[in-house]
Structures are given as C-alpha cells and as structure tokens.
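Dear colleague,

I am passing on to you the structure we spoke of, with the sequence and the coordinates together. Below it you will find my notes on what turned up.

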Amino acid sequence: MADSDSPRATRLLPDAVHRAVRPGTVVVRLETTHDRQGVLDGVWWPRSRDIAAELPSLISALTEHLGPVTRVGLDSGAWEGLPTRMTIDDRVIHIDSFPVGDGTVLVTRGEQDLFSLLVVPPHATPEAARAAMAEAVRAGSGRRAEQILIDTGAGRAEPDEQT
C-alpha cells in the first residue's frame with residue numbers, strides 16, 4: 001500500500017490539475033506534449049526547501065517517466081544546504097547550483113537531454129499552486145516560470161518575509 005504522504009507523479013492535462021494537489025506533487029507534461037515546444041516540461045511543488053529531503057522523491061518520480069537522471073541544476077538561493085552530488089536510487093546525481101532566482105529546476109537525462117520544471121514554492125497556497133501547475137503544463141505555453149509564479153501569486157514571499 002502506498003504511503004499517503006509520498007510524492008506522486010501525474011500525467012494529467014492542465015484542466016485535471018485542479019483536482020486535489022498538495023506539496024510533493026510532480027506534474028510531468030511529457031506524455032501530452034511530445035514536441036516539447038513550450039518553455040517548461042513540467043512542474044514540482046516541494047514540501048520544504050530542504051533539498052536532501054525533497055530531491056530523492058523528485059528524481060524517483062522523474063526516472064519512472066524519463067529514464068535515468070544524471071544531473072540537476074538548482075537555484076542556490078532557493079534551497080538549504082546544497083551538496084554537489086547525491087546518491088539517489090543507487091545512482092549518483094550531480095547537482096549544479098546557480099544564483100538564478102527564476103523558479104526552475106533543470107533535469108538532465110543522459111548526457112545532454114535537458115528538461116525544465118517550474119518549482120512552486122513550498123509555502124504557496126493550494127489555489128495558487130494549482131493555477132501555476134495548470135499554466136506550466138499548458139501545451140504551447142511560452143510563459144517563463146518566474147512570470148507564472150508572479151501571475152498566479154504562487155511566488156509571493158513567505159508569510160514571515162512579508163512586511
């Protein structure tokens with residue numbers, strides 16, 4: 001029996017994202033958009049900013065859909081304690097960190113196949129997260145992650161950061 005708190009991957013179309021979605025959800029657009037013409041390939045809503053706790057579930061979910069993941073690029077300002085590599089499911093995952101602040105995580109399959117995922121901040125409300133997820137996986141969307149987070153309110157500062 002699956003743990004009800006474990007992250008889940010879904011292959012839903014944008015309108016179906018509005019069902020109950022909670023932190024830890026990975027939405028992958030690849031099943032519905034084979035040409036990958038949009039800016040984003042999917043979306044992830046982690047439960048916290050602790051990469052050691054969050055990344056293994058993301059990598060496991062993506063490996064199921066994409067195959068082996070070799071590298072992950074993360075925004076250094078968005079995560080606590082970024083290592084340079086982690087072993088996940090008996091595979092070494094190299095972690096690159098950059099101070100980009102754009103609300104994305106870049107996932108590399110193999111040597112060069114790159115996928116870009118919107119990262120919904122852990123503190124986002126369910127309504128804002130659902131709206132951001134729906135827009136991120138909308139086929140043909142040309143909107144960038146940072147703009148999606150602004151437009152949906154998902155990127156607003158955490159409650160203790162607001163003044």
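What covers the buried residues of helix H3? Before the answer, please keep in mind that this is a predicted model. The cover over those residues includes strand E7 (104–109), strand E8 (113–119) and helix H2 (126–136). The buried residues in question, within H3 (residues 145–152), are Ala145, Ile148 and Leu149. They lie on the same side of H3, because the arc they cover around the axis is only 95°. This fits a general rule: an α-helix has 3.6 residues a turn, so residues three or four places apart point the same way. Just after H3 comes Gly153, whose phi is positive, at about 80°.

The two strands named above are also partners of each other, since E7 and E8 pair in the antiparallel sense over 6 bridges, and Leu106 has Ser116 in E8 as its bridge partner. Together E7 and E8 make a hairpin with 3 residues between them, and in the turn Gly110 has a positive phi of about 70°. E7 is joined as well to strand E4 (residues 69–75), by 4 bridges, and these two strands run antiparallel; here Arg71 stands opposite Thr108 in E7.

Turning to the interior, the largest nonpolar core has 23 residues, and Trp44, Leu55, Leu62 and Val72 are those with the most contacts inside it. At least two residues of this core come from each of helix H1 (51–66), E4, strand E5 (85–88), strand E6 (91–98), E7 and E8, with H1 giving the largest share, 7 residues. Leu55, if residues up to four places away in sequence are not counted, touches Trp44, Val72, Met86, Ile88 and Ile95. Apart from this core lies another, of 16 residues, which includes Leu118, Val120, Ala132 and Val137.

As for H1 itself, its buried residues are Ile51, Glu54, Leu55, Leu58, Ile59, Ala61, Leu62, His65 and Leu66, so that Glu54 and His65 are listed there beside Leu55 and Leu62. The N-terminal end of H1 is capped by Asp50, from which a side-chain oxygen lies 3.2 Å from the backbone nitrogen of Ala52. Just after H1, Gly67 takes a positive phi of about 95°.

With best wishes

Technical notes: Residues numbered from 1 in each chain as written. Heavy atoms only, no water. Buried < 20%, exposed > 50% of the residue type's maximum accessible area, 1.4 Å probe, protein only. Arc of directions from axis to C-beta. Contact = heavy atoms within 4.5 Å. Pairing = 2+ DSSP bridges. Core = buried A, V, L, I, M, F, W, Y, C linked by side-chain atoms within 4.5 Å. Polar contact = N/O pair within 3.5 Å; in protein donor to acceptor, adjacent residues only side chain to side chain.
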